[in-house]
Amino acid sequence: METNQIKIKQIMPIPQGFNVLVPPGRGPSKKGTEMENMAEYGWIYVLAVMEDSKYGDHLTMYELDNTGDGAPVNDAYMLPKKYCPKCFREMKTHCEGDRPSEFWHTCSCATEQKSDKT
């Protein structure tokens, strides 16, 4: 039986203007509809070009710890930051369930905005 060989060819930072967010229930708070920015809890995310003997080269999000160990991420979303049109603060992203198809954003000034389809 042949084993699937995977190695990282290149890593790149998450582009400026984006957050890596996990759905409600996956982060430390585990409640509500607000998605959590795991960088606030010390998680490090990068984009990695993976060389895979089974599937070829592909781009994936990769999670690193402070020792340099890591793993591909399957339960997080890289979403653009949204800013409030009224007060210009960064808005919080929300969704329903752990595999969301729609997102919405709220601000502490009570502004709510539905997101474009992702």
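Reader: How many salt bridges does the count come to?

Author: The model is a predicted one. A salt bridge here requires a side-chain nitrogen of Lys or Arg within 4 Å of a carboxyl oxygen of Asp or Glu. By this rule, the count of salt bridges comes to 3.

Reader: Which residue forms a salt bridge with Asp57, and why does the pair tie together parts that are 48 residues apart in sequence?

Author: The closest N and O atoms of the pair are 2.7 Å apart. Asp57 belongs to strand β5 (residues 56-64) and its partner to strand β1 (residues 6-13), so the salt bridge ties together parts that are 48 residues apart in sequence. The partner of Asp57 is Lys9.

Reader: Is Lys9 exposed or partly exposed?

Author: Buried means under 20% relative accessible area and exposed means over 50%, with partly exposed in between. Lys9 has a relative accessible area of 46%. Lys9 is therefore partly exposed.

Reader: Which side chain meets that of Glu34 in a salt bridge?

Author: The N to O distance in this salt bridge is 3.9 Å. Glu34 lies in the loop between β2 and β3, whereas its partner lies in strand β8 (residues 92-94), so the pair ties together parts that are 58 residues apart in sequence. The side chain that meets Glu34 is that of Lys92.

Reader: Is Lys114, which forms a salt bridge with Glu102, exposed or partly exposed?

Author: The closest N and O atoms of Glu102 and Lys114 are 3.3 Å apart. Glu102 is partly exposed, at a relative accessible area of 35%. For Lys114 the relative accessible area is 59%, and the cut-off for exposed is over 50%. Lys114 is therefore exposed.

Reader: What is the order of the strands in the open sheet of 3 strands?

Author: The pairing in this sheet is antiparallel. Strands β3 (36-37) and β7 (77-80) are the edge strands, each pairing on one side only. Strand β2 (residues 18-22) is joined to β7 by 4 bridges, and Leu21 stands opposite Tyr77 in β7. The order is β3-β2-β7.

Reader: How many residues make up the largest nonpolar core?

Author: Among the members of this core are Val20, Val22, Met38 and Tyr45. The elements that give two or more residues to the core are β2 and β4 (44-52). Met38 touches several residues, including Val20, Val22 and Tyr45. In all, the core has 9 residues.

Reader: How many residues does the second, separate core have?

Author: Leu21 and Tyr77, which stand opposite each other, are both included in this second core. Met35 and Cys95 are also among its members. The number of residues in the second core is 6.

Terms used:
Residues numbered from 1 in each chain as written. Predicted model: local features only at pLDDT ≥ 70, side-chain atom pairs only at ≥ 80, totals over all residues. Heavy atoms only, no water. Pairing = 2+ DSSP bridges. Core = buried A, V, L, I, M, F, W, Y, C linked by side-chain atoms within 4.5 Å. Buried < 20%, exposed > 50% of the residue type's maximum accessible area, 1.4 Å probe, protein only. Contact = heavy atoms within 4.5 Å. Lists of a residue's contacts leave out its neighbours within four places in sequence.
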